[in-house]
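This report covers a sheet with its covering helix, and a second helix with its surroundings.

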Amino acid sequence: MNTKEDKVLVIDDNAVIRKLASNLLEKKGYAVITAENGTSGITLAKSQLPKVILLDLMMPEMDGYEVCRQLKAFDDTKDIPIIMVTSRSDSLDKIKGLELGAADYVPKPFDYGELQARVQTQIKMKNLWDELQEKNKYLEDLIKKDGLTNLYNHRHFHERISEEFSRSKRYTVPLSCVLIDIDHFKNVNDRYGHQAGDEILKTLARMLKHNIRDCDFAARYGGEEFSLILPHTVLEKASALCERIRGNVESSQFQFNDKKIGITISLGVAGVPDNTPVSYSELIRFADEALYNAKEDGRNKVRIFTKK
């Protein structure tokens, strides 16, 4: 059964055709929106994201080929099926449209049953495609995410920092890497149990996400260790962020059942270009050494890597 979520965009400069197509498709339960030219059609496609587009081939100023080309160039609209509408029967015209990404053709004047059938077929295919994309994203998250904290996992952290390190070197922009360790976490597990420990890990993960920007990257590095990737961030600013996170954690009470548990964290920071690492692996090693220094200095501290 069709629903109002199955939205169809009709782009045609002929008002009669727009009205006719709207009436036919609305009778089948589709929500129909219309545009009288290519420019407004592209704008509506981007804002409304219809399930299918019925596109006239021959229009003044911008023909259907150009509209199709532009729609296929945008990420948000490239997967919307386009049915070209034409009164021309030249196979070369049809081939050109298909090469540009059109999914199907329907001739003018409309055969009512054919129009409805072609639209219905494309909407079914679009719904299946959307469902597949959602499942793929779910599977991708399973591969990239840590199951407990919902942060990215150790493997994806290495993939991401490799990319960011290359970008930092190529465009000469700063990059900071942070490693974080919960102080004496074994004592928490021993005293309160592993369920309490898991709750602390999840809460700390949320705190990290809350304190960083959308362009930053947080991961569970392993066990009670976390990591941050901070693009376009010099060491001084990265250290200030880490000090704020450290202070927030120290002043917080982590809740588990009726217990309130206090913890502290140690943080090590290293960066490009300040520490001049020759590889992303060395950048991680520098951050790890800084973390080791924070622990050696009594824990609950932020330390920046400095070469001896």
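Helix H6 (residues 154-171) lies across strands E6 (175-182), E7, E8 and E11 (265-272), at about 135° to E7. Angles run from 0 to 180 degrees between N-to-C directions of axes fitted to C-alpha atoms, for helices over the stretch in contact, where contact means heavy atoms within 4.5 Å. Helices (H or I, at least four residues) and strands (E, at least two) are DSSP runs numbered from the N terminus. The model is predicted: local features need pLDDT of at least 70, side-chain atom pairs count only at pLDDT 80 or more, and totals for chains, interfaces and linings use all residues. Residues are numbered from 1 along each chain as its sequence is written, and side-chain values use heavy atoms, without hydrogens and water.

The five strands form an open sheet with mixed pairing, in the order E7-E8-E6-E11-E12. E7 and E12 each have a single partner strand, so one side of each lacks a neighbour in the sheet. The twist from one strand to the next averages 20°. E7 pairs with E8 in the antiparallel sense over five bridges (pairing requires at least two DSSP bridges), and Ala 219 stands opposite Ser 227 in E8.

| Strand | Residues |
|---|---|
| E7 | 217-222 |
| E8 | 225-231 |
| E12 | 302-304 |

In helix H2 (residues 38-48), the buried residues (under 20% relative accessible area, 1.4 Å probe, protein chains only) are Gly 38, Gly 41, Ile 42 and Ala 45. These residues cover an arc of only 100° around the axis, which puts them on the same side of H2; the arc is taken from directions from the helix axis to the C-beta atoms. They pack against strands E1 (7-11), E2 (31-35) and E3 (52-56) and helix H3 (64-73). Just after H2, Leu 49 has a positive phi of about 45°.

Key:
Buried < 20%, exposed > 50% of the residue type's maximum accessible area, 1.4 Å probe, protein only.
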